[in-house]
Amino acid sequence: MTGKGLVTIERHIIEAEREFPEATGAFSNILYDLAFSAKMIAREVRRAGLADILGLTGEVNVQGEEVRKLDEFANEVIFKALDHTGHLCGMASEEVEDFIPIPDRFPTGKYCVLFDPLDGSSNIDANVSVGTIFSVHRKVSDHERGCVDDCLQAGTRQVAAGYIVYGSSTMLVYTTGNGVHGFTLEPSIGEFLLSHPNIRIPNPGQRIYSCNEGNYSLWSEDQRRLVDHLKGPDGENPKPFSSRYIGSLVADFHRNLLYGGMFMYPADSKCPGGKLRLLYEAAPLAMIAEHAGGAASTGEGRIMEVIPTSLHERTPLYIGTKEYVQMAERFLAGSGVAALV
Ligand code: AHM
Ligand code: MG
């Protein structure tokens with residue numbers, strides 16, 4: 001705790017807003033609405049095994065993957081929490097192919113929200129942690145009620161980003177560019193309480209790498225050399241890294257944010273552009289990583305600077321402790337030997 005007593009997420013957001021006298025409250029309201037959605041989703045995720053809600057709907061989402069019912073539920077909760085408020089000019093979701101306009105009967109506003117409603121949902125049947133990822137952009141188009149251009153902005157233009165991890169407890173972590181702050185849901189009162197103020201990726205932190213090593217044979221030679229090096233000892237790296245891979249991005253990222261380490265989802269011969277989505281997964285987590293003192297890269301450059309050309313664009317992702325991410329970039333540029341840690 002901070003010495004201020006209990007700090008609810010509402011109080012935290014209000015106190016941050018006071019530092020901007022010109023703030024209208026719209027942005028704060030979006031964050032409250034996302035926190036509210038998180039509670040609704042957390043409740044359903046908790047009851048997943050009981051409510052007979054598991055299983056496939058039989059439909060296929062825009063990524064060509066089977067959609068699970070909880071994905072749809074989460075998608076709808078977030079949409080409905082935000083559609084009528086007058087603060088948004090549109091939304092985009094990993095579960096929806098096109099730009100999501102605000103229904104005509106509601107007013108529009110000056111922000112748009114992008115989200116992955118339930119990432120890692122293929123893990124739900126095994127009771128593994130899943131997460132929601134979100135980011136907020138300012139409206140930039142001249143289109144009165146917003147358009148896809150409002151969503152197709154580089155990560156550097158995000159005004160907020162965050163995630164919720166539905167794990168042994170439910171945590172919401174977010175940044176508006178002024179520190180990364182974590183809140184734990186106290187289920188008996190239904191409030192997110194500040195539990196992790198000002199998160200910094202520990203440095204030196206734990207030497208952890210997280211990736212799906214089953215794809216080794218599909219990787220480039222440089223990517224293989226990177227992972228071989230991390231596994232050491234290769235003569236240059238006397239102390240091997242630990243491998244930790246949940247296969248649920250938010251959970252893997254959250255652990256590395258708190259302990260240190262690097263998560264990687266490289267390009268491979270099956271997914272030459274990478275598997276993860278720039279707008280719904282990589283860019284929001286990149287903003288959090290950077291504001292916690294870490295880094296996020298495509299392997300060639302900063303994730304935050306990639307200008308998206310389509311809503312569901314994918315990217316390779318290397319994210320976590322800055323020196324590990326920089327090391328990965330050097331290996332991928334073919335100069336790893338000089339970069340050993
Ligand atoms: P999803 O958005 O369909 O849930 O997929 C994203 C998930 C991430 O949570 C995770 O990091 C990755 O896919 C795991 O992929 P793989 O099973 O190929 O290791
Ligand atoms: Mg996802």
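Here are some short exercises, with worked solutions, on the predicted model shown above.

**Exercise 1. The metal site**

Work out which residues coordinate the magnesium ion (ligand 2), and how they are spaced in sequence.

*Solution.*
- Start with the donors: Glu-94 and Glu-281 each give an OE atom, while Asp-116 and Asp-119 each give an OD atom. The distances run from 2.0 to 2.3 Å.
- Next, write the spacing along the chain, which comes out as E-x21-D-x2-D-x161-E.
- Now place the two glutamates. Glu-94 sits in the loop between β3 (88–93) and β4 (111–119), and Glu-281 belongs to helix α6 (residues 278–291), so this pair ties together parts that are 187 residues apart in sequence.
- Finally, check the accessibility: Glu-94 and Glu-281 are both buried.

**Exercise 2. Around ligand 1**

Find the residues that come nearest to ligand 1, then pick out contacts to its oxygen atoms.

*Solution.*
- There are 17 residues around ligand 1, and the nearest are Asp-119, Gly-120, Tyr-245, Leu-249 and Tyr-265.
- Take Asp-119 to begin with: a polar atom of its side chain is 2.5 Å from an oxygen atom of ligand 1. You've met this residue already, since Asp-119 also coordinates the magnesium ion (ligand 2).
- Then look at Leu-249, where a polar backbone atom lies 2.7 Å from an oxygen atom of ligand 1.
- Last comes Arg-277, with an N or O atom of its side chain 3.5 Å from an oxygen atom of ligand 1.

**Exercise 3. The largest pocket**

Describe the largest pocket: how much space does it hold, and what lines it?

*Solution.*
- Volume goes first: the largest pocket holds about 680 Å³.
- Its lining counts 30 residues, and those nearest the centre are Ala-16, Glu-17, Phe-20, Phe-27 and Thr-176.
- Sort by element, and α1 (9–18) and α2 (26–46) turn up as the ones giving two or more residues to this lining. The top contributor is α1, with five residues.
- Sort by chemistry, and the lining of the largest pocket splits into 12 nonpolar, 11 polar and seven charged residues.
- For a closer look at α1, try Ile-14, which is in that helix. Its relative accessibility is 33%, so Ile-14 counts as partly exposed. The C-alpha atom of Ile-14 is 7.1 Å from that of Ser-28, although the two are 14 residues apart along the chain.

**Exercise 4. Helix α5 and what follows**

Decide whether α5 is mostly covered or mostly open, and follow the chain past its end.

*Solution.*
- Locate the helix: α5 spans residues 249–259.
- Count the buried residues: nine of the 11 are buried, so α5 is mostly covered. Among them are Leu-249, Phe-253 and Leu-257. Leu-249 is also one of the residues nearest ligand 1.
- Zoom in on Arg-255, another residue of α5. With a relative accessible area of 14%, it falls under the 20% cut-off, so Arg-255 is buried. Its side chain makes a polar contact of 2.8 Å with the side chain of Ser-210.
- Step past the helix: Gly-260 follows α5 and has a positive phi, near 100°.
- Carry on to Met-262, in strand β12 (residues 262–265). Met-262 is buried, at 1% relative accessible area. Its C-alpha atom lies 5.0 Å from that of Tyr-209, a residue 53 positions away along the chain.

**Exercise 5. Backbone oddities**

Track down a cis peptide bond, plus residues other than glycine with positive phi.

*Solution.*
- The cis bond joins Asn-203 and Pro-204, with omega at about 5°. Pro-204 is in the loop between β9 (191–196) and β10 (208–210).
- Asn-198 is also found in the loop between β9 and β10. Its phi is positive, near 50°. At 48% relative accessible area, Asn-198 is partly exposed.
- Now go to Asn-127, which has a phi near 60°. This asparagine lies in the loop between β4 and β5 (130–138). Here the relative accessible area is 73%, over the 50% cut-off, so Asn-127 counts as exposed.

Technical notes: Residues numbered from 1 in each chain as written. Chains lettered and ligands numbered in written order. Predicted model: local features only at pLDDT ≥ 70, side-chain atom pairs only at ≥ 80, totals over all residues. Heavy atoms only, no water. 1 Å grid on protein atoms, 1.4 Å probe; cavity = no way out; pocket = protein on both sides within 12 Å on 5 of 7 lines; lining within 4 Å. Points joined across faces, edges and corners; volume = space filled by probe spheres on them. Helix = DSSP H or I, 4+ residues; strand = E, 2+ residues; numbered from the N terminus. Nonpolar A, V, L, I, M, F, W, Y, C, P; charged D, E, K, R; others polar. Donors = N, O, S within 2.8 Å, 3.2 Å for Na, K, Ca; no water. Buried < 20%, exposed > 50% of the residue type's maximum accessible area, 1.4 Å probe, protein only. Near = heavy atom within 4 Å. Polar contact = N/O pair within 3.5 Å; in protein donor to acceptor, adjacent residues only side chain to side chain.
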